[in-house]
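Biologist: Could you take me through one part of this model closely, the aromatic rings and what surrounds them? I work at the bench, so plain language with the values alongside would suit me well.

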Amino acid sequence: QVQLVESGGGLVQAGGSLRLSCAPSGRYSMGWFRQAPGKEREFVATINRSGDSTYVADSVKGRFTISRDNAKNTVYLQMNSLKPEDTAVYYCAARIGSAWSAIKDSYDYWGQGTQVTVSS
């Protein structure tokens, strides 16, 4: 059983920054998704297993960056210029295979989620 452990969420003012971390127990291609109250879970960013290819949603492009440190077995989501509409529970997900994916149903394992709240 893969255990995904997320950390780094919290409360921040608009324009601020947060960095989320996720420690998978193996080497997978990884993704970040988020779910706001009353909305469906949506794609945010993804990175391939080797870490040399990434893709981010248009809604966060230029503000969020996904990266990984395979020596530490950790994936990061650096979130800058945060907006109130970024408020959501952020989930880390892992998929078997080397390529990244923006498709929620292609992921095999999910973390418990971490709350990010951006105040205006």
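Modeller: Happy to; here is a walk from the whole chain to the rings, and then on to some neighbouring features.

Please keep in mind that this is a predicted model. The protein chain has 11 strands and 0 helices, so its elements, read from the N terminus, are β from start to finish: β-β-β-β-β-β-β-β-β-β-β. Its C-alpha atoms fit a box of roughly 40 × 25 × 25 Å along the principal axes. For 120 residues, a compact globule would be expected to have a radius of gyration near 14 Å, and the 13 Å of this chain agrees with that. Of the 120 residues, 44% are buried. The accessible surface comes to about 6100 Å², and carbon and sulfur atoms account for 45% of that area. Sequence-distant contacts matter for what follows: if you take contacts between residues at least 6 apart in sequence, 58% of them join residues at least 24 apart.

Now to the rings. The structure holds 7 aromatic pairs. A pair of aromatic rings is described by how far apart the centres are and by the angle between the planes. Let us take Phe43 and Tyr55 as the example. Their ring centres are 5.7 Å apart and their planes meet at 15°, so this pair counts as stacked; the cut-off for that label is an angle under 30 degrees. The two partners come from distant parts of the chain, 12 residues apart: Phe43 belongs to strand E5 (residues 42–47), while Tyr55 belongs to strand E6 (residues 54–56). How do the two compare in exposure, buried or partly exposed? Phe43 has a relative accessible area of 14% and is therefore buried, whereas Tyr55, at 35%, is partly exposed.

This pair also belongs to a wider group. Phe33, Phe43, Tyr55, Trp100, Tyr107 and Trp110 make up one aromatic cluster. One member of that cluster, Trp110, has a charged neighbour: the charged end of Arg41 sits over the ring of Trp110, 5.0 Å from the ring centre. The charged end of Arg41 also sits over the ring of Tyr91, at 3.6 Å from the centre of that ring. If you are looking at the structure on screen, Arg41 is a handy place to start, with Tyr91 and Trp110 as the rings to look for.

Staying in strand E5, which holds Phe43, you will also find Ala45. Ala45 has a relative accessible area of 0%, so it is buried. Leaving aside residues up to four places away in sequence, Ala45 touches Met30, Gly31, Trp32, Tyr55, Val56, Ile66 and Leu77. Notice Tyr55 in that list: this is the residue whose ring stacks with that of Phe43. Ile66, another contact of Ala45, is 21 residues away along the chain, yet the two C-alpha atoms are separated by 6.4 Å.

The chain also has a covalent link of its own. A disulfide is a covalent bond between the sulfur atoms of two cysteines. The structure holds 1 disulfide, and it joins Cys22 to Cys92 with an S to S distance of 1.9 Å. The angle about the S-S bond is -75°, which makes the link of Cys22 and Cys92 left-handed. It ties together parts of the chain 70 residues apart, with Cys22 in strand E3 (residues 18–23) and Cys92 in strand E9 (residues 88–95). Both ends are buried: Cys22 has a relative accessible area of 1%, and Cys92 is also at 1%.

Finally, a look at two loop residues. Asn73 lies in the loop between strand E7 (64–69) and strand E8 (74–79), and its phi is near 55°, a positive value in a residue other than glycine. At 23% relative accessibility, Asn73 is partly exposed. Ser81, in the loop between E8 and E9, has a positive phi too, near 50°, and at 40% it is also partly exposed. Ser81 touches Gly15, Gly16, Ser17, Arg63 and Asp86, not counting residues up to four places away in sequence. For Ser17, the C-alpha to C-alpha distance to Ser81 is 6.2 Å, across 64 residues of sequence.

Technical notes. Residues are numbered from 1 along each chain as its sequence is written. This is a predicted model: local features need pLDDT of at least 70, side-chain atom pairs count only at pLDDT 80 or more; totals for chains, interfaces and linings use all residues. Side-chain values use heavy atoms; hydrogens and water are left out. Rings of Phe, Tyr and Trp (its six-membered ring) pair if their centres lie within 6.5 Å; planes under 30 degrees apart count as stacked, over 60 as edge-to-face and the rest as tilted. Helices (H or I, at least four residues) and strands (E, at least two) are DSSP runs, numbered from the N terminus. Buried means under 20% relative accessible area, exposed over 50%, partly exposed in between (1.4 Å probe, protein chains only). A charge sits over a ring if NZ of Lys or CZ of Arg is within 6 Å of the ring centre and within 35 degrees of the ring normal. A disulfide is a pair of cysteine sulfur atoms within 2.5 Å. Contact means heavy atoms within 4.5 Å. The radius of gyration is taken over C-alpha atoms; the globule rule is 2.2 Å times the number of residues to the power 0.38. Accessible areas come from the Shrake-Rupley method with a 1.4 Å probe; for residues, only the protein chains shown count as cover.
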